[in-house]
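Here are a few exercises to work through with the model open beside you. Try each task first, then check the steps.

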Amino acid sequence: MENQSLNGLADQQVNPVKRKKTRPRIGVFGVGYFKYWGQFDGLLDDMLQKQAVFIQKIEALDSAEIVDFGLVDDVTKAYEMVPKLNAANLDLIFCDMLTYATSSTFGIIIKSIDVPIVLVALQPDQAMDYSRASTYMQLYNDDICSLPEFAGVAVRMGKKVPETIIGTLQDDPAADAEIEKFCRIAAVLHDLKTSRIGHIGHPIEAMLDMHSDSTMLTAHFGAHIVQCEAHEIVTQYQQATNEEIDAVKERILAYFDTPDPVSDPISEKLRDSDLHIAAQAAVALERFIKAKKLDGLAYYYDGPDNSDTRVVMSNLIVGNSLLQGAGFPMCGESDLKTCIAMLIMERLGIGGSFAEFHPVDFKEGFVLVGHDGPHNIAIAEGQPVLRSLKKYHGKPGFGAGVEFKIKEGPITMLSISSTFDGKMKFVIAEGESIAGPIPPTGNTNTRGFFKPDVRTFLKRWISEGPTHHFALGVGHHAETIQQIADYLKVESVIVR
């Protein structure tokens, strides 16, 4: 799974700013029909054992705190369950379909709970032994029987039909993968509603698509936008010690390659002075993130010519990239919406790098996707590169630039835009990162291949009104991200 490999890369950085592992709270309750217990001796115990096995499967993932609410087998218990579920501060709920259950065990719950509910129907046997079949055996494997009834009642209660997992309790990799996926979705939902995203400065003045209303971001996602000041990082920069700076230099040189320049006249081999400034700025940034208790940062700030503010705020790229690889989304050009898109991808375990479209290669049929500024080096293909740049194009300052392409193979893009009526919209697409050379410009660039062809794809993507930035992650996860949008009640579209 991608998240395991990415965490390994983050650990290699030995980053002193440690992101605490997300532990979402997941509730589990089983459903059954009370009339069966008196009719079939031992069936209730078998149902409780099935639920115990399911809970053990979640616990084995070590990715969530589990709250077991037991078994609901009549309408009275369903009503009693509602305040308990609401009081538990849950991020996601699994309803374990143990056998047939009347929808009265579910109706008031789906009506009263805003937390996402997933219906889980995992029967214990691959198939009944028809030569020895009995009513008991049928009821023991009757996990899917109530799914249509529960779905119909959800619609009658004004809710969407819940997601379902259908399979077997043992030896079912597809079902196990879905359970793991929903645990990762729970982590995304948990961190969105509890995260603190720092914000410094403003979007580049001319970029009208970047501007965001911090209150609306809280309304849609739950995240708190912490308004910060540039001098808070500058002060940390001025207080950084030589010992701290030298330690970060060692980390940088151990992680990045520093090759000779190639064809771009504004790039040079990494200068010692640029390395020193990048390391000092990284020390300041890590101190700042820790002091403000931030989970991410979106920033853009010019500062006066030749000032410490100008030097620091234009040289956060390397420190940002280290932090992004360690789980802290860091977003240039003050793009809060894309910072949240990057957070979603990071918590899903698929990376999430800052990106936009660069030139199209009409000969080979791909478009370069990348950006200058901060990137998620945990999803780099090969060793990332540092180059000294004589100028940051379109922005003030000069210094170290990060260059790499993301892992070859499937990729997913997420743009979060805002609509005329002030609502959010997810624009999502899948493609492939293909092998081949990239421009040696000290920026990221990935050769992105999209179906049916690059020209048609770009027209379809643009027609959905995205922002010009997006988060770029590894693997194909469009439908998972769309499920997250549905849970957040945010409009979404997958560009096919």
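**Exercise 1. A salt bridge and its surroundings**

Is Arg347 buried or exposed?

Solution. Before starting, note that this is a predicted model, where local features need pLDDT of at least 70, side-chain atom pairs count only at pLDDT 80 or more, and totals for chains, interfaces and linings use all residues. Residues are numbered from 1 along each chain as its sequence is written, and side-chain values use heavy atoms, with hydrogens and water left out.

Step 1: Arg347 has a relative accessible area of 8%, so it is buried (buried means under 20% relative accessible area, exposed over 50%, partly exposed in between, with a 1.4 Å probe and protein chains only).

Step 2: look for a partner. Arg347 forms a salt bridge with Asp191, and the closest N and O atoms are 2.5 Å apart (a salt bridge is a side-chain nitrogen of Lys or Arg within 4 Å of a carboxyl oxygen of Asp or Glu).

Step 3: place both ends. The pair links distant parts of the chain, with Arg347 in helix 15 (residues 336-348) and Asp191 in helix 8, 156 residues apart. Helices here are DSSP runs (H or I, at least four residues), numbered from the N terminus.

Step 4: check Asp191, which is also buried, at 8% relative accessibility.

**Exercise 2. Other salt bridges**

How exposed are the partners in the Asp305 to Arg310 salt bridge?

Solution. Step 1: the side chains of Asp305 and Arg310 meet at 3.0 Å, N to O.

Step 2: Asp305 counts as exposed at 58% relative accessibility, whereas Arg310 counts as buried at 17%.

Step 3: widen the view. Salt bridges that share partners join Arg19, Asp191, Glu346 and Arg347 into one network. A search of the whole structure finds 23 salt bridges.

Step 4: try one more pair. Glu268 and Arg271 bridge at 2.0 Å, N to O. Glu268 is partly exposed, with a relative accessible area of 25%, and Arg271 is partly exposed at 25% too.

**Exercise 3. Two helix pairs**

Work out how helix 3 packs on helix 8, then do the job again for helix 9 and helix 15.

Solution. Step 1: helix 3 (residues 43-61) and helix 8 (residues 173-194) pack at an angle of about 60°, with their axes 10 Å apart. Axes are lines fitted to C-alpha atoms, for helices over the stretch in contact, and angles run from 0 to 180 degrees between N-to-C directions. That makes helix 3 oblique to helix 8 (under 35 degrees is roughly parallel, over 145 roughly antiparallel, 65 to 115 roughly perpendicular and the rest oblique).

Step 2: list the contacts (heavy atoms within 4.5 Å). Phe54, Lys57, Ile58 and Leu61 in helix 3 meet Asp176, Ile179, Glu180 and Cys183 in helix 8.

Step 3: now the second pair. Helix 9 (residues 214-221) and helix 15 pack at about 25°, with axes 11 Å apart. That makes helix 9 roughly parallel to helix 15.

Step 4: Ser214, Leu217 and Phe221 in helix 9 meet Leu336, Lys337 and Ile340 in helix 15.

**Exercise 4. An enclosed helix**

How many residues of helix 17 are buried?

Solution. Step 1: the count is 7 of the 10 residues of helix 17 (residues 478-487), so this helix is largely enclosed by the rest of the structure.

Step 2: name them. Ala478, Thr480, Ile481, Gln483, Ile484, Ala485 and Tyr487 are buried.

Step 3: go just past helix 17, where Lys489 takes a positive phi of about 60°.

Key. Helices (H or I, at least four residues) and strands (E, at least two) are DSSP runs, numbered from the N terminus.
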